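Reader: Hello! I am new to this structure and would love a close look at one part of it, the place where two helices pack together, with a few other local features afterwards.

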Amino acid sequence: MEEVNSQLSIYSTPISSFTTADVQELLDDQAVENARLEFKREVPGKDETLKKLSSFANTFGGVLVIGAEAGSDGRIVGLPGVAPKPGYKQTVIQWCTTGSSPPLTVEVSDPIPASTGNQDVCYVISIAESELAPHFLNGRKGVYVRTDEFSNRFESHLAIENELRHLLNRRQIIRERRNSLIQRAHDRFQTFCSQQPSDAGRGVTLLPVFITLTLVPRYPAIPASEHTSLLKLLRQTSVPWRGTGFPMDLSGVISQHESAIALGPCGRLSFLEANTWGMLSYATSIAERGGRFEGIHVSQFLGYILVFLEHARVTMHAQGLAATLRIDLVLQGVRGVPWVQFPRGFAETGAHSVLDDTVAISITSTTDALNNGRDQLARELLRYVFFAINWPGTADDAQKLDNLVLAGYQFNGWRP
């Protein structure tokens, strides 16, 4: 096998800038198929495309050139091109999004006129080595890697046990990073709370009962933003809340390792962390003693869920983040603490958790679902919460969940 010629434009030029001359360079240089390069004379179908691209992503990354003809030894012999395919870029991206788990991230060129002078074109598809590997092809079609073990030509083959173990170890590193980011945010919030008095004034004491809502890319493989831009974004991002805004004080943003943190965004014992990996973590005390009641104010709790999700939606959209999300909701210190409503202006005690002091809920979603279906995510989380704290009759059908969301809107001062 010949070594990869990393000097070719195909490995360094952005796909969006590719021209006929860049493709012609492959022919002039007599390029040979290798671990990172493959030629296809015809436009491959969905299964073949996913097999090739996932094998690149699972191995060293690579480039697929369509409309290029290779000889029996893998050396390019011509650039005849193919007939233009309307919407081909969008089609390939859709295949890669829905046909692989986790989805494949690819770059697809616009049609590149072939050097033959007719109406035919070439397409170039590039994919980087993936830290999210292994990418499984949906429908039990397996995991593919690039290898020349049997053919002396690099081709796509199903991964063997040792190769699969290596890929799973690569993914484990990403999972460990995600878990460490979540734990670090939790530890920071606990440190902050330990430094604050529990006296909220007016004879009210904040109880050590907390909610934490964390949204993080399921596979935080690469940073989502630079630290400088993250600080600027957090200081400038506010959403309407209770006639003011959330966070309440944008001047209180501090910088910590990989993170921008707002202290007290919705009260004394509250906390908001945004980090460079795309994670957002919200935490606050949710129970008090004194004043009109003792326990967890239900409408306030509902409002927190909604405003946290709304702030996350706006922030992630501003970052241009598009990812599968893991959403964690944790309640701490809830055993024996009553949930309180005010249906007639007076406190009425509801249920409480009898045995569990900590409730941890985790769901998988996407930035698209957050952007277009925030309230549906809220309903899903609330159903889990009220079943978990022994109050299932509050959230056991769609209408009741709608009523909970509406109560959160009212607390936040939002219009339905």
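Author: Happy to help; here is the helix pair, followed by some backbone details. This is a predicted model, in which local features need pLDDT of at least 70 and side-chain atom pairs count only at pLDDT 80 or more, while totals for chains, interfaces and linings use all residues. Residues are numbered from 1 along each chain as its sequence is written, and side-chain values use heavy atoms, with hydrogens and water left out.

Two packed helices are described by the angle between their axes and the distance between the axes. Your pair is H6, residues 298-319, and H8, residues 374-388, whose axes come within 10 Å and cross at roughly 140°. Helices here are DSSP runs of H or I with at least four residues, strands are E runs of at least two, and both are numbered from the N terminus. The axes are lines fitted to C-alpha atoms, for helices over the stretch in contact, with angles running from 0 to 180 degrees between N-to-C directions. H6 and H8 are therefore oblique to each other: angles under 35 degrees count as roughly parallel, over 145 as roughly antiparallel, 65 to 115 as roughly perpendicular and the rest as oblique.

Which residues make the contact (heavy atoms within 4.5 Å)? From H6 come Val-298, Phe-301, Leu-302, Ile-305, Leu-306, Leu-309 and Glu-310. From H8 come Arg-374, Asp-375, Leu-377, Ala-378, Leu-381, Leu-382, Val-385 and Phe-386. The residues of this contact divide into twelve nonpolar, no polar and three charged. Ala, Val, Leu, Ile, Met, Phe, Trp, Tyr, Cys and Pro count as nonpolar, Asp, Glu, Lys and Arg as charged, and the others, Gly among them, as polar.

Now for the backbone. Most residues other than glycine have a negative phi, and most peptide bonds are trans. Gln-30, in the loop between helix H1 (20-28) and strand S1 (37-40), has a positive phi of about 55° although it is not a glycine. With 48% relative accessibility, Gln-30 counts as partly exposed, that is, between buried (under 20% relative accessible area) and exposed (over 50%), using a 1.4 Å probe and protein chains only. Arg-242 also has a positive phi, about 55°, and lies in the loop between helix H5 (227-236) and strand S15 (253-256).

Finally, look for a cis peptide bond between Ser-101 and Pro-102, with omega about -5°. Another cis bond runs from Ala-133 to Pro-134, with omega near 5°.

How values were computed: Contact = heavy atoms within 4.5 Å.
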